[in-house]
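Student: I have a structure open and I keep tripping over the labels people put on its parts. Can you walk me through how each label is earned?

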Amino acid sequence: MSLKHVHDDRSAELLERAFRELLIEKGLVSDAAVDERVEFMYARTPALGARVVARAWFDSGFKARLLADGSAAVRELGIDVGALKLVVVENAPQLHNLIVCTLCSCYPRMLLGLPPDWYKSVEYRSRAVREPRAVLAEFGVSLPAGVTVRVHDSTADMRYLVLPMRPHGTAALSEDECAALVTRDAMIGTAVVVAPKV
Amino acid sequence: MTARFQLGEPVRVVDTGASGHVRTPRYIRGKRGVVERICGEFRKPEELAYGRYDGERESLYRVRFAQREVWPDYSGPADDTLDIEIYERWLERSEEGR
Amino acid sequence: MSGHHDLGGVRTDAPVPRAQHAILPWEMRVDALMQLLSDPQRPGGALMSVDELRRGIESLSADEYRSLGYYERWLQSLIAIMTEKGVVERAELERRFAEVERAHEREHAGGGER
């Protein structure tokens, strides 16, 4: 049942079912455990990462701890990150960070949920390391002159999260209101956070 | 086990000739950078990839490279960089520095 | 292993595709199976590692790597690793797949949904 020989829309779904049934019959997994994991994955959304970002904007001590040991700091907020080794990289007026995994699709799923298809694409994985500014321009990010671009290729056990800059015009917003502005793409580096227009 | 390289040390990525599952991308081999972070010790991907979960650990480094060093035709500014994690076995001291 | 997964710098000719497909339940289950099988806390310890998953994916031919979807690659890799270890036998999986296919055809016979 090599998929290339029987490839249509249903084959993979049926093969998954056959495989899972055997694993369950052998006592290696259970349907309940699978369902629980699926629910857990649905519950992981970029809102988790956005909370971390907003806290860092509002609490400089937390930010310092976040930059020193990302996983430990995130656990302070009651967010379960399992075995994730999180490295948080901070954008600054002269520095813009961009995250990629050229070898596969490593991504901080515990904080952002599942990665978008574009992050896993051949084109992104190829070009983000080689021509990051062109990729950023495609995503609508134009950087002022004098800004350095730093690309992080997740080749090992670390997972990266960008701490974007807090935009001007948000001084009157609460921490929760700030969190609502932080997008998934801003935490990957393919967007910046913008203040709401009034 | 102590880490062989220190923060700020200039290093070059060598090609160890290892085949199979390796996590050092081709594009970075032979390039020179600077150790930006000592990440700790981790089990080797080549061993984990073949079911050997209890092997020896190896130091892992975050190394920072100038993009112009990595890509001969890089058109961005000289300050643009690329950070990658590289296992100790893939690094040697770079005497010429950056 | 030809390293067709080692993509840094390889292509610079095409824009990053932005289309996003809605992830299907079977894809979520493949991901869940991977997590369960590789969980060091599971009874008896982990049956596989994420490194083995990657190795399995990297072992696909260049053609398969390109043409299979993301979670199709994962599923092929999971099957390869589990059969390699003898956790599942290829023959029994083939039999079960055939049964599941027949059941699916019966369920959808008579011009129902498709």
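Student: What makes up the contact between chain C and chain A, and how many residues does each give?

Tutor: Chain C puts in 45 residues and chain A puts in 44. Keep in mind that this is a predicted model. A pair counts as touching when the C-beta atoms lie within 7 Å.

Student: Which helices of chain C supply at least two residues each to the side that touches chain A?

Tutor: Those are α1 (25-37), α3 (62-67), α4 (70-84) and α5 (90-107) of chain C. The largest share comes from α1(C), with 9 residues.

Student: How does that side of chain C divide into nonpolar, polar and charged?

Tutor: There are 23 nonpolar, 10 polar and 12 charged residues on the side of chain C that touches chain A.

Student: And what does chain B bring to its contact with chain C?

Tutor: Chain B gives 12 residues there and chain C gives 13. By class, the chain B side has 7 nonpolar, 4 polar and 1 charged residues.

Student: Back to chain C on its own. How many helices and strands does it have?

Tutor: Chain C has 5 helices and 0 strands. Read from the N terminus, its elements go α-α-α-α-α.

Student: How does the radius of gyration of chain C stand against that of a compact globule?

Tutor: For 114 residues, a compact globule would come out near 13 Å, but chain C has 17 Å. The C-alpha trace of chain C spans about 50 × 45 × 25 Å along its principal axes. As for burial, 38% of the 114 residues in chain C are buried.

Student: Why is α4(C) called largely enclosed?

Tutor: A residue is buried if 20 or more other C-beta atoms lie within 10 Å of its own. In α4(C), 11 of the 15 residues are buried, so the helix is largely enclosed by the rest of the structure. Among those buried residues are Tyr71(C), Trp74(C), Leu78(C) and Met82(C), and Glu72(C) and Arg73(C) are on the list too.

Student: What covers them?

Tutor: The cover includes α1 (11-25) of chain A, along with α1, α2 (50-58), α3 and α5 of chain C.

Student: How do you know that the length of α4(C) fits what is expected of a helix?

Tutor: Its 15 residues reach 21 Å from first C-alpha to last, close to the 21 Å expected at 1.5 Å a residue. Just after α4(C), Gly86(C) takes a positive phi of about 75°.

Student: Over in chain A, what makes Gly70(A) count as buried?

Tutor: The cut-off is 20 or more C-beta atoms within 10 Å. Gly70(A) has 25 C-beta neighbours inside 10 Å, so it counts as buried. It lies in helix α5 (residues 70-76) of chain A. Leaving out residues up to four places away in sequence, Gly70(A) touches Leu86(A), Val87(A), Val88(A) and Leu161(A).

Student: Now the sheet. In what order do its strands come?

Tutor: The 7 strands run β2(A)-β3(A)-β4(B)-β3(B)-β2(B)-β1(B)-β5(B), in an open sheet with mixed pairing.

Student: Why are β2 of chain A and β5 of chain B said to stand at the edges?

Tutor: β2 (95-100) of chain A and β5 (91-93) of chain B each have a single partner strand, so one side of each has no neighbour in the sheet. Neighbouring strands of this sheet are turned by 35° against each other on average, direction ignored.

Student: What makes the pairing mixed?

Tutor: Look at the pairs. β2(A) and β3(A) are parallel over 6 bridges, with His96(A) partnered by Val149(A) in β3(A). By contrast, β2 (residues 32-43) and β3 (residues 57-66) of chain B are antiparallel over 8 bridges, and Phe42(B) stands opposite Glu58(B) there. β3(B) and β4(B) are also antiparallel, over 7 bridges, with Arg62(B) opposite Glu85(B). With parallel and antiparallel pairs in one sheet, "mixed" is the label.

Student: And is β2(A) mostly covered or mostly open?

Tutor: Mostly covered: 5 of its 6 residues are buried.

Terms used
Residues numbered from 1 in each chain as written. Chains lettered and ligands numbered in written order. Predicted model: local features only at pLDDT ≥ 70, side-chain atom pairs only at ≥ 80, totals over all residues. Pairing = 2+ DSSP bridges. Helix = DSSP H or I, 4+ residues; strand = E, 2+ residues; numbered from the N terminus. Axes fitted to C-alpha atoms, helices over the stretch in contact; angles between N-to-C directions. Contact = placed C-beta atoms within 7 Å. Nonpolar A, V, L, I, M, F, W, Y, C, P; charged D, E, K, R; others polar. Rg over C-alpha atoms; globule rule 2.2 N^0.38 Å. Buried ≥ 20, exposed ≤ 12 C-beta atoms within 10 Å, placed from the backbone. Expected span 1.5 Å × (residues − 1).
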